[in-house]
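Colleague: I should be grateful for a close look at a single part of this model. Please take one helix and describe its length, its buried residues and its packing.

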Amino acid sequence: MDPTASLQLSVDRNSPVPLYFQLSQQLEAAIEHGKLTPGSLLGNEIELAARLGLSRPTVRQAIQSLVDKGLLVRRRGVGTQVVHSQVKRPLELSSLYDDLEAAGQRPATRVLVNTLASASTEVAAALGVPEGAEVHRIERLRLAHGEPMAHLCNFLPKDLLSLETGQLESTGLYRLMRSAGITLHSARQSIGARVATEAEGERLGEPEGAPLLTMQRTTFDDTGRAVEFGTHVYRASRYSFEFQLLVRS
């Protein structure tokens, strides 16, 4: 059965908003709210066009826009399939693991590096330790539904807590820190964007040159001590940051 048949889809021909965009927005909302679940197959474009009184090119354009966003995928011999909704992460002091879990994305972690390393000038300045001092260096690949989402590189003071690879693969870093009695209080964070290198593309399942979101964060505990410095890279096709802006009176 076509899962779109149960959706209340409609278009307003008097609206200045293009018809294909109206349809794509409704389908995207259905994916985000779980009405079109991962793995669902969309029905025939011709039938959907006939049901809505739209041309087939209009429906095809709407679907292609969601394919371009990474929400749908066209599989030869299978059809058009829902992948996953894009993760929209609020800009607050939370971990990617917790945000993915809250969004129903079934997070998983692959630990690439878990070692002690000498603090570079940048890391030393962020953590408030001498340059060259030993710090924990952790690199992880974060996945959702088995699909790569982000590459995370974190540095922590050496004696802060014990970091076992098995623990890092089973839960989030901030959960481990809290369970060790560390109270996370605030963070200084910057967000940017750039294109993927060949190695990053292979790691994240994106072509070389694909857009990536970047985040750099230094986290402090309730005493003002820096407890973590992270540099993260996210797939822009599957991930976005949300801001809440307040009007200053």
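Modeller: The model is a predicted one, and the part chosen here is helix α3. At 1.5 Å a residue, the 13 residues of α3 should span 18 Å, and its end C-alpha atoms do lie 18 Å apart, so the expected and computed spans agree. Helix α3 runs over residues 56-68, and just after α3, Gly70 adopts a positive phi of about 85°.

Let us turn to burial. Thr58, Val59, Ala62, Ile63, Leu66 and Val67 of α3 are buried. The cover over these buried residues includes α1 (19-32), α2, β1 (72-75) and β2 (79-82).

One of these elements, α2, may be taken further. Two packed helices are described by the angle between their axes and the distance between the axes. The axes of α2 (residues 45-52) and α3 come within 9 Å and cross at roughly 115°. Angles of 65 to 115 degrees count as roughly perpendicular, and α2 and α3 are therefore roughly perpendicular to each other. Their crossing is right-handed. In the contact itself, Glu45, Ile46, Leu48 and Ala49 of α2 meet Arg56, Val59, Arg60 and Ile63 of α3. The residues of this contact comprise 5 nonpolar, no polar and 3 charged.

Arg56, which belongs to helix α3, deserves a final word. Arg56 has a relative accessibility of 41% and therefore counts as partly exposed, since that class lies between 20% and 50%. Beyond its neighbours within four places in sequence, Arg56 is in contact with Glu45, Ile46 and Ala49. Arg56 and Ile46 are 10 residues apart in sequence, and their C-alpha atoms are 5.9 Å apart in space.

Methods. Residues numbered from 1 in each chain as written. Predicted model: local features only at pLDDT ≥ 70, side-chain atom pairs only at ≥ 80, totals over all residues. Heavy atoms only, no water. Axes fitted to C-alpha atoms, helices over the stretch in contact; angles between N-to-C directions. Helix = DSSP H or I, 4+ residues; strand = E, 2+ residues; numbered from the N terminus. Parallel < 35°, antiparallel > 145°, perpendicular 65-115°, else oblique. Left-handed = near helix turned anticlockwise from the far one by under 90°. Contact = heavy atoms within 4.5 Å. Nonpolar A, V, L, I, M, F, W, Y, C, P; charged D, E, K, R; others polar. Expected span 1.5 Å × (residues − 1). Buried < 20%, exposed > 50% of the residue type's maximum accessible area, 1.4 Å probe, protein only.
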